[in-house]
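Biologist: I am new to this structure and would like to go through it slowly, asking at each step what a term rests on. Could you take me through it piece by piece?

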Amino acid sequence: MNETAIERNGGVQSGRPILEVDGLVMHYRTKAGDVSAVEEVTFALGRGEALGLVGESGCGKTSVAMTLIRLLPDNAIIKEGSVVLDGLNVAELTDGEMRKHRWADISMVFQGAMNAWNPVYKVGDQIMEALEQHFPDMSEAEGRVRIAELFELVGLSPAMMDRYPHEFSGGMRQRAVIAMALSCNPKVIIADEPTTALDVIVQDQILKELRKIQEELGMSIIYISHDVAVIAEVSDRIGVMYAGRLVELGATDEVFPRPRHPYTYLLLSSTPSVVGPRRRLAPLEGEPPNLLAPPTGCRFQPRCPFAAEICASQDPPSQELAPGHHVACWHWEQVPELGRLEA
Amino acid sequence: MLKYIGRRTLQNVLIFIVFLSATFFLLQAQPGDISQQFLANPKITPEVREQFREQLGLGGTVGEQYLTYMGNFFTGNLGISFSEYPREVSDILAERLPRTLALFLFATLLSFGLGFQSGKFLAWRRGSKTEPVVTTVGVFFQTVFYPWFALMMIWAFAFGLGWFPIGKFLTVEKWLDAPPGVEANGVFNRMLITALIVLVGVAAVEVVGRRAGDRRRGKRITWAGRILLVGGLWIWWATVWSEQAPYALDIAWHLVLPTVTLALIGFGATMLLTRASMLETLKEDFILTARAKGVPDKVIRDKHAARNALLPVTTSLVLSLAFLIGGGVVTETVFSWPGMGATLLSAALQEDIPLTIGAFAFIAVLALIAHLIIDIVYMYLDPRIRV
């Protein structure tokens, strides 16, 4: 596993990856049956690398993230696979053990930063809470110095730490959320829809700053978004998820110009691009499958224009087309270049 | 902050004047007056009755009476009670107001504390086996017919088990040979002052602890303050007021059952509301954030979830004040607790207008002050509405 995981990194960074997810299967147990939310997901995150996970709502992006940080609801069960964070398999830890590693080793920038803050406490105090938890020896004064540094790093005035969340604008709150995610020097940060609730201008500023901070600090970060444009801007590599599976994984500058999975292709065709040639937008027909009873074979097969018999009977294995570019499709050769499909 | 309190106080004075006027005219709208109880007495001629009315200030038009009353009221003259003639209304109220205040205060604190804590645990351990049982008990207390419930409490704990006295304010036999300096109202006021000092002191110590800068030092200051406060008062009662202490215990013993009964009535509603509010709060994103930060469950429950769930429950406390006052009248009547509620009821029945209005006025003042206090507390609890 180790060697292949390094290879799959596409040589972005040398050394052992900071995070290795191997064959992860996570189901939600409901009264109607098991919902297969994450199915056989394998990827690795190199040190200092930014990986983007993209896909429609309900495709399992957030479920993957929540599994990594082990913030799953009670009815979620990790059925198979491992999540190795810097040599430690977090999938096997108990809740109490995991609590010590959350934030200190793996932290999160939440979607919808509006509600990520407790309205009755000062923003600085909420960051202090994380510091107190993971650095019990740190004095309050040292903590305040640390928070002031973090605020400056994300472009906030340190005086704002004594303000309440409602006194922040949306963009400022999101910056403060980033500061909080950085507070304990985590090894990995998961940014789940970090800019979804913001207007495009603020969104762009924050993404650029996140990218800058990530490069400065050499952080490893996983971006999660339904917005292809956001992912394209900030990620070194991109993983495309569909119905709980990682269907395509590869370097951003390889996948975007030349997607190899039909779903990636259709997803990109349905997204307008400001740069590049003008082309017709092709809507993605149909709906994502019901994960209580996923389709047999390839999960994308009912919506796929290239579907053949084999697709409905056998699950396509993940193939490595080029170093670090993986696709799970039987007919990846048939996927045309962007803009050529006549529906 | 001070400006806000000033503005609210002024508002409350205006509300109070409107309330007092409305009460006055409503009482005047009742048919008849106190002189009617002499109607069937052949020895009292209509002329004497008229003279009697004149003396009580019931002569003249309603408008004249109103102006006289308001003038007297705001110069501190509440008049003389008809039914407890010739005691002054202010004297009667000064004796009974503290008793009602104590009942309300303890019952509110008890029902709020108990209801909030149990609601919190109920929401936190959602789906446990005790949940339907506790919820049913809560619904029972919320909907039970109150006078019946009060009687059942007396029947069970006073009559049946004999743990508490059946009613009244004190055990007369015990007080017969009380030393000269010991007198019921004095002892009771001392008890009430002690309770108020504890309340205000605990709140003050909490604020000082919060402002100490360092959290751990703040915690030590808070605890030291609490111990000093309670210990100091304990020593004070054991030495300076040692003569009063056993009599204070007697009153406290009489206070238990009405307080608990009144508290239980409010408890169900508070618990159910806290549960609902807490369940909503637990769905909030900041709870997830706190979990992601690695904060222990207990801290998430108390510091994040319960603290926010407290807000709507505090609002409901304001709304339940009116209900509590109504409940107070019933409690005092059923338990023969000689407070404002019982006074109000008997005065109204005997058409003792000065005492009725006086009692209404002071209940209104209590309610308005309680309202103001809760508003200030709410401002402290929710930074979003701070001025």
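**Sheets, helices and a pocket**

Modeller: In chain A, four strands make up an open sheet with antiparallel pairing, in the order β2-β1-β4-β5. Please keep in mind throughout that this is a predicted model.

Biologist: What makes β2 and β5 of chain A stand at the edges?

Modeller: β2 (33-45) and β5 (88-89) of chain A each have a single partner strand, so one side of each is left without a neighbour in the sheet.

Biologist: How do you know that β4(A) and β5(A) pair?

Modeller: Two strands count as paired if at least two bridges are found between them. β4(A) and β5(A) are joined in the antiparallel sense over two bridges, and therefore they meet that condition. As for single residues, A:Leu85 has A:Leu88 in β5(A) as its bridge partner.

Biologist: Which strands form the open sheet of eight, and in what order?

Modeller: That sheet, also in chain A, runs β6-β7-β8-β3-β9-β10-β12-β11, and its pairing is mixed. At its edges stand β6 (106-109) and β11 (319-322) of chain A, each with a single partner strand, so that one side of each has no neighbour in the sheet. From one strand to the next, the twist averages 25 degrees.

Biologist: What makes β6(A) and β7 (residues 188-192) of chain A a pair?

Modeller: The requirement is at least two bridges, and β6(A) and β7(A) pair over four bridges in the parallel sense, so the requirement is met. Within this pair, A:Ile106 stands opposite A:Val188 of β7(A).

Biologist: Which strands does helix α2 (residues 61-69) of chain A lie across?

Modeller: α2(A) lies across β3 (50-54), β6, β7, β8 (220-225) and β9 (237-242) of chain A, and runs at about 145 degrees to β6(A). α2(A) also lies across β1 (19-30), β2 and β4 of chain A, at about 110 degrees to β1(A). Helix α7 (residues 200-217) of chain A, for its part, lies across β3 and β8 of chain A and runs at about 160 degrees to β8(A).

Biologist: How do helices α4 (residues 123-134) and α5 (residues 140-153) of chain A cross, and at what angle?

Modeller: Their axes come within 10 Å and cross at roughly 115 degrees, and α4(A) passes α5(A) in a right-handed crossing. Residues making the contact include A:Ile127 and A:Leu131 of α4(A), and A:Ile147 and A:Phe151 of α5(A). By class, this contact has six nonpolar, two polar and four charged residues.

Biologist: Which classes of residue make up the contact of α4(B) with α10(B)?

Modeller: That contact divides into 21 nonpolar, eight polar and two charged residues. The axes of α4 (residues 89-124) and α10 (residues 245-282) of chain B come within 5 Å and cross at roughly 35 degrees, and the crossing is right-handed.

Biologist: What lines the second largest pocket, and which residues are closest to its centre?

Modeller: It has 26 lining residues, of which A:Leu72, A:Pro73, A:Asp74, A:Asp95 and B:Arg291 are the closest to its centre. The volume of this pocket is about 800 Å³. β4 (76-85) and α3 (95-101) of chain A, with α11 (285-292) and α12 (297-334) of chain B, each supply at least two residues of the lining, and α11(B) gives the largest share, four residues. By class, the lining has 14 nonpolar, two polar and ten charged residues.

Definitions and conventions:
Residues are numbered from 1 along each chain as its sequence is written. Chains are lettered from A and ligands numbered from 1 in the order in which they are written. This is a predicted model: local features need pLDDT of at least 70, side-chain atom pairs count only at pLDDT 80 or more; totals for chains, interfaces and linings use all residues. Side-chain values use heavy atoms; hydrogens and water are left out. Axes are lines fitted to C-alpha atoms, for helices over the stretch in contact, and angles run from 0 to 180 degrees between N-to-C directions. A crossing is left-handed if the near helix is turned anticlockwise from the far one by less than a right angle, and right-handed if clockwise. Contact means heavy atoms within 4.5 Å. Ala, Val, Leu, Ile, Met, Phe, Trp, Tyr, Cys and Pro count as nonpolar, Asp, Glu, Lys and Arg as charged, and the others, Gly among them, as polar. On a 1 Å grid over the protein atoms alone, a cavity is a set of points where a 1.4 Å probe fits but cannot get out, and a pocket is an open set with protein on both sides within 12 Å along at least five of seven lines; lining residues have an atom within 4 Å of a point. Grid points are joined across faces, edges and corners, and a volume is the space filled by probe spheres set on the points.
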